Amino acid sequence: MLSVQEAEKIILRLVRPLDPEKDTETIELETADGRILAQEIASNLDFPYWDNSAMDGYAVDYEDVKNCSVETPITLEIVEEIPAGYQPKLTLQRGQAARIFTGGMLPQGADTIVMQENTQKQNNSVKILAAPKYQEFVRHKGSFYQAGTPMLPSGIALSASDIAVLATAQCIKIPVYRRPRIAILSTGDELVAPDTPLQPGQIVDSNQYALASFVRDNGGIPLRFGIIKDQPDILKAQIAQAISQADIVLSTGGVSVGDYDYIDQILEELGGNIHIRSVAVKPGKPLTVATFSNNCLYFGIPGNPVSALVSCWRFIQSAIKKLSGLKENFAPTFIEATTQQELRAGGKRETYLWGKLSVVNGKYEFSLAGGSHSSGNLINLSQTNSLAVVPIGTKSIPKASKVMVMQINCKSNYS
Ligand code: AMP
Ligand code: MG
């Protein structure tokens with residue numbers, strides 16, 4: 001059986017990222033949070049736009065004030081007042097200063113700002129009580145960014161700081177990758193929608209909702225195919241449709257070795273190339289990964305609700321990230337923490353146990369969720385934020401020892 005790490009590599013290798021030409025759209029800056037840039041952005045503006053003051057104070061010629069001190073102050077004539085947003089009209093002559101405020105444009109003839117705290121105003125003149133450094137508190141035009149040079153690279157997810165940069169650059173139409181379309185199918189004769197009264201033996205299709213939420217958290221558009229019966233002809237027709245419409249298809253159920261598990265056979269009939277059938281992981285062992293000639297990537301995920309989500313977090317999240325056009329950081333985030341309970345596993349498969357990661361006295365601690373760690377127990381998975389990893393060959397990680405913990409249930413930083 002494939003190890004988790006081997007499976008992860010194979011999956012990432014199979015992903016064909018969206019095309020930076022064909023798979024893009026132009027959106028308004030206001031709606032760009034979390035979207036992924038499809039082109040490098042440059043601006044035709046310098047930043048700062050012009051020399052300006054970083055302080056409230058006085059714009060001066062350094063030569064006039066370089067020897068000032070409390071004992072030997074210099075008095076300069078104030079010839080102009082420059083609030084932010086005002087264009088200076090005068091050129092400073094020697095012996096002159098301009099009153100200036102933070103963000104105010106530096107007047108011609110000035111090269112340095114003296115902060116207000118080191119001055120004393122007297123009617124139309126100002127006493128300079130301390131020598132500034134040359135060019136002190138001047139933010140020079142183009143010192144943060146020079147027009148025409150690369151400002152933001154393609155393949156990054158836009159966060160608040162990037163949005164600020166785009167706004168500053170007056171870039172209001174943003175070229176981004178389209179969101180990936182991700183089809184979700186729940187397979188199983190036993191499944192009913194949450195608004196249907198349960199008959200004996202039936203199970204509510206929670207996966208449809210969980211996976212749609214997961215897809216949205218990762219910036220994708222869920223295409224919901226609903227519940228599909230375990231009938232090969234119906235399943236095949238629905239799967240064929242999903243493959244033709246989506247970048248990624250996620251189906252849950254039907255990938256084990258039971259009599260009603262038809263997915264692998266159908267994928268082969270539809271011309272799919274199956275790369276993975278199972279992974280040495282718990283929960284989530286039966287995992288089918290297939291590709292189709294139209295680039296669609298198919299994940300046949302186990303039906304058990306915890307297995308389904310663990311598969312999504314461990315394998316599918318990074319595939320969505322790569323497909324979406326992101327350039328790096330596909331892998332889940334792992335953090336070393338101290339476990340508050342003993343962690344037990346069978347030793348044959350890499351085992352993921354759910355719980356809560358928190359910071360206590362500046363250190364990461366992991367607390368195992370109470371109750372059963374059955375792959376069907378979705379109840380205690382709720383409100384967890386991490387999975388502790390017990391490697392193959394390890395049957396117990398004692399209380400108070402270190403364990404690697406994978407973050408889950410968090411929105412990707414690009415959604
Ligand atoms: P399967 O992988 O089809 O053998 O299903 C394994 C278990 O997961 C069975 O107990 C199913 O009833 C349950 N299950 C399958 N699909 C879903 C679903 N969409 N929502 C909740 N539970 C499911
Ligand atoms: Mg089933």
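A residue counts as near a molecule or strand if one of its heavy atoms lies within 4 Å of it. This is a predicted model, where local features need pLDDT of at least 70, side-chain atom pairs count only at pLDDT 80 or more, and totals for chains, interfaces and linings use all residues. Residues are numbered from 1 along each chain as its sequence is written, ligands are numbered from 1 in the order in which they are written, and side-chain values use heavy atoms, with hydrogens and water left out.

**Exercise 1. Find what surrounds ligand 1, and which polar atoms sit by it.**

Step 1: count the neighbours. There are 16 residues around ligand 1, and the closest are Glu-190, Ile-203, Asp-205, Gly-254 and Gly-303.

Step 2: look for polar contacts (pairs of N or O atoms within 3.5 Å; within protein, one must be able to donate a hydrogen and the other to accept it, and residues adjacent in sequence count only if both atoms are side-chain atoms). A nitrogen atom of ligand 1 has a backbone N or O atom of Ser-206 at 3.1 Å. Asn-207 places a polar side-chain atom 3.3 Å from a nitrogen atom of the ligand. An oxygen atom of ligand 1 lies 3.0 Å from a backbone N or O atom of Asn-304.

Step 3: check the cover. On its own, ligand 1 exposes 490 Å², and the protein buries 80% of that (Shrake-Rupley method, 1.4 Å probe).

**Exercise 2. Work out what the side chain of Asp-205 touches.**

Step 1: place it. Asp-205 belongs to the loop between β15 (203-204) and α4 (207-217); helices (H or I, at least four residues) and strands (E, at least two) are DSSP runs, numbered from the N terminus.

Step 2: try charge. Asp-205 is buried but has no salt bridge, and Arg-224, the nearest side chain of opposite charge, is 6.5 Å away. Buried means under 20% relative accessible area, exposed over 50% (1.4 Å probe, protein chains only). A salt bridge needs a side-chain nitrogen of Lys or Arg within 4 Å of a carboxyl oxygen of Asp or Glu; Lys and Arg count as positive, Asp and Glu as negative, and His and the chain ends are not counted.

Step 3: try polar partners. The Asp-205 side chain makes a 2.8 Å polar contact with that of Ser-186, and also reaches the backbone nitrogen of Asn-207 at 3.4 Å.

**Exercise 3. Where are the cis peptide bonds of Pro-48 and Pro-283?**

Step 1: Phe-47 and Pro-48 are joined by one, with omega about -10°. Pro-48 is in the loop between β2 (41-42) and β3 (52-53).

Step 2: Lys-282 to Pro-283 is cis too, omega being near -5°. Pro-283 sits in the loop between β19 (281-282) and β20 (286-291).
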